[in-house]
Amino acid sequence: MAENNAKKRRMPNFNPYWLYGAVALMLVGISAFFTGSAPHSISYSQFETQLLGRQGVDKIVVIRNDLQAEVTLKTDSVDNYKDLFSSAMPVPRKGPHFVVDLPSIDSFEASRKKVEEAEHRPIAVFYEQRSDMMGNIMMFVWPFLLFGLIYYLMFRRMGGGAGGGGIFNVGASKAKEVGKDTEEVKVTFKDVAGLDGAKQELEEIVEFLRHPEKYTELGGKIPKGALLVGPPGTGKTLLAKAVAGEAHVPFFSMSGSDFVEMFVGVGASRVRDLFKKAKDKKPSIIFIDEIDAIGRARGRNNSFGSNEERENTLNQLLTEMDGFGTNSGVIILAATNRAEILDRALLRAGRFDRQIQVELPDIKEREAIFNVHLRPLKLSPDFDRSFLAKLTPGFSGADIANVCNEAALTAARKDKKYVERQDFQDAVDRIVGGLERKNRIMTTEERKTIACHEAGHATVSWLLEYANPLVKVTIVPRGKALGAAWYQPEERQLTTKAHLLDDICSVLGGRAAEELTFGQIGTGALNDLEKANKQAYAMVTYYGMSDKLPNICYYDSTGQQDSAFRSPYSEDRAKIIDNEVSEIIDSQYERAKHILRENADKHRQLAELLLEREVIFTEDVERIFGPRPWKKREDELAEEEQEEAKEKAATGIETKPEAPSATTADPAEGSEAGDGDDKPQD
């Protein structure tokens, strides 16, 4: 039994190329059967002088319509005419042996009569009218074979998908079906760490599919659709896989780009085919990943012809989701990280009843995600996992998986038996800052400038109340950065004006330190200036934190502006905005220089220590400047939060982490690297 199963497993799968090869071999065999061995071609002069009228010639067949003559030798006389055959060809035993082109039938007859008179005997000549049957067959067959080859190579791949592909199935959907009778998905909600709110929403949909009577008895209806919205790498597709593994109903998965095709009407046809398959197997679930490929708002950039086909596809999708016909028993899941560009008709209730926000994980969710990805890793016995979540603020689930994998590779590169704490720190540094480049050639003056610059960041951020806590500072080049300062951003939901101003001041501390120490500035602060300007413009135009423009916001969270070429404010207002931004930048720059002047000696000590060690940590900064004045208050607040959480746990009240607010000051705030210091290339 086992041997039979092994033989079955070893048997190769059928390949359509085998059939094509068999047909080609059959045609070659037929051609060889009909044509036999080809006779050797000779000139007419050789035919007249060496063959015509000789005793070794058995017969001569004249083909009238081709003006050719075929000469067949007697079997015992073939060797006498070896000199007429090509040396590269074997001498054939069966005739015809030679073929000759005749100038005309009359000239051949004249030569034959002349030889007969000289030899005094008749020459056996037969006249035939032939038709090339094999040539006619091949002339009829080869066009069809050529068309079949083009059909397979071009049309099949162009329309390839469900139903065998091909031009006749070009409108068939390319959805991959998983379920009871097809491929099974082993991912469940237990494999999805964090995302408690999103899982709760989707678990309710799965529960409705399993036990619909629980909800229908109360008059409830199953949600028609759910849209997963969130930044890349946060786990939207993973949640969809978990739904496929938990629901135990047919699950059709398809990407938004699979609907797009160069032919007119193909996208709409694939939408119809997809929903037809789902309705035939209802209750079922349809998952469309990256739906923004076909769901963009209509009526934009109509000058481009490709938009018409995309809009037709979207119209068909809208009709299938909630049109005149019934669509009960089919739930549509979709995922996108660009919900603001989707068409409003697609987002209305009745199509996507629920929009599930899948945000970046907070510290507790990151700890749960790390526990999932640390399972296959061989960790050291004394490994402490608690620091990992604090080490990776702003990281998504995909980033955390990458950190774990990079840490394992780093440990293996160093021939370690276990993955240790330092391996994770090196992995985070490499992912955030890039590959370490110690062999980059720098002069002594450049190293001093970089050390002074990074020490300026560390000094200003250490002495500001709301600046992010410092983790480490390095002058080792990574990627394009000549040096970097790593911070640990706070897990806060709201950011005040004081926080933003302190962030801008600490970012400008490097440039201020260069000016105060060397009396000149360099190009190393490019990344700092970019961050400071973006932060300042956000304060003025988005958050209304300007003295001259209070409570003004020009941010469009819907992304549905009618025209991207029209500014939402006038030229006079633009001048005020520029002046306010300049005032914020200038005031914080002067503030940074004031802090550095008051702590010039300590800043110099820190720069010298950094120049000596190349990497310094929080302990080194605390040894020079002393503990931060606000650290005690932060520790007290943390203790109060822990006590409050214990009290709620004791009373049975569960607290779930909330999704981060959209009012974050800067998208780069959660990054580990607080300073890139990119040096612009000439």
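**Exercise 1: a strand and its neighbours**

How many bridges join β2 to strand β5, and do the two run parallel or antiparallel? Work it out on this predicted model, then look at the other partner of β2.

*Solution.*
- Step 1. Go to residues 125–128, which make up β5; four bridges link this strand to β2, and the pair runs parallel.
- Step 2. Pick out one contact in that pairing: Val61 has Phe126 of β5 as its bridge partner.
- Step 3. Now turn to strand β3 (residues 68–73). Here β2 pairs in the antiparallel sense, over six bridges.
- Step 4. For a contact on this side, Ile60 stands opposite Val71 in β3.
- Step 5. Check the connection between β2 and β3. They form a hairpin with four residues between them, and Leu67 in the turn has a positive phi of about 55 degrees.
- Step 6. Ask how covered the strand is. Five of the seven residues of β2 (residues 57–63) are buried, so the rest of the structure largely encloses this strand.

**Exercise 2: two faces of one strand**

Sort the residues of strand β11 into a covered face and an uncovered one, then find what pairs with the strand.

*Solution.*
- Step 1. Take residues 354–357 of β11: Arg354 and Ile356 belong to the covered face.
- Step 2. Gln355 and Gln357 make up the uncovered face.
- Step 3. Look across to strand β7 (residues 225–229), which runs parallel to β11 and is joined to it by four bridges.
- Step 4. Ile356 of β11 has Leu228 standing opposite.

**Exercise 3: positive phi in two loops**

Where do Asp415 and Asn551 lie, and are they buried or exposed?

*Solution.*
- Step 1. Start with Asp415. Its phi is near 60 degrees, a positive value in a residue other than glycine.
- Step 2. Place Asp415 on the chain: it's in the loop between α14 (397–413) and α15 (421–433).
- Step 3. Exposed means over 50% relative accessible area. Asp415 is at 71%, so it counts as exposed.
- Step 4. Repeat for Asn551, a residue other than glycine whose phi is positive too, near 60 degrees.
- Step 5. The loop that holds Asn551 runs between α19 (526–541) and α20 (571–598).
- Step 6. With 73% relative accessibility, Asn551 is exposed.

**Exercise 4: the nonpolar core**

Which residues have the most contacts inside the largest nonpolar core, and which helix supplies the largest share of this core?

*Solution.*
- Step 1. The largest nonpolar core has 27 residues, and those with the most contacts inside it are Val460, Ile504, Met539, Ile584 and Ile585.
- Step 2. List the helices that each supply at least two residues of this core: α16 (444–462), α17 (497–507), α18 (509–518), α19 and α20.
- Step 3. Pick out the largest share: α20 gives eight residues.

**Exercise 5: a surface patch and some cysteines**

Find which residues make a nonpolar surface patch of about 280 Å², then check the cysteines.

*Solution.*
- Step 1. The patch is made by Leu146, Leu149 and Ile150.
- Step 2. Ile150 sits in helix α5 (residues 133–159), and with a relative accessible area of 41% it is partly exposed.
- Step 3. On to the cysteines. Cys505 is buried, at 0% relative accessible area, whereas Cys553 is partly exposed, at 46%.
- Step 4. Use the cut-off for a disulfide, two cysteine sulfur atoms within 2.5 Å. The count comes to zero disulfides.

Key: Residues are numbered from 1 along each chain as its sequence is written. This is a predicted model: local features need pLDDT of at least 70, side-chain atom pairs count only at pLDDT 80 or more; totals for chains, interfaces and linings use all residues. Side-chain values use heavy atoms; hydrogens and water are left out. Buried means under 20% relative accessible area, exposed over 50%, partly exposed in between (1.4 Å probe, protein chains only). Patches are made of residues with over 30% relative accessible area and no salt bridge: like charges are joined within 9 Å, nonpolar side chains (Val, Leu, Ile, Met, Phe, Trp, Tyr) within 5 Å. Accessible areas come from the Shrake-Rupley method with a 1.4 Å probe; for residues, only the protein chains shown count as cover. A salt bridge is a side-chain nitrogen of Lys or Arg within 4 Å of a carboxyl oxygen of Asp or Glu. Two strands pair if DSSP finds at least two bridges between them. A nonpolar core is a set of buried Ala, Val, Leu, Ile, Met, Phe, Trp, Tyr and Cys residues joined through side-chain atoms within 4.5 Å.
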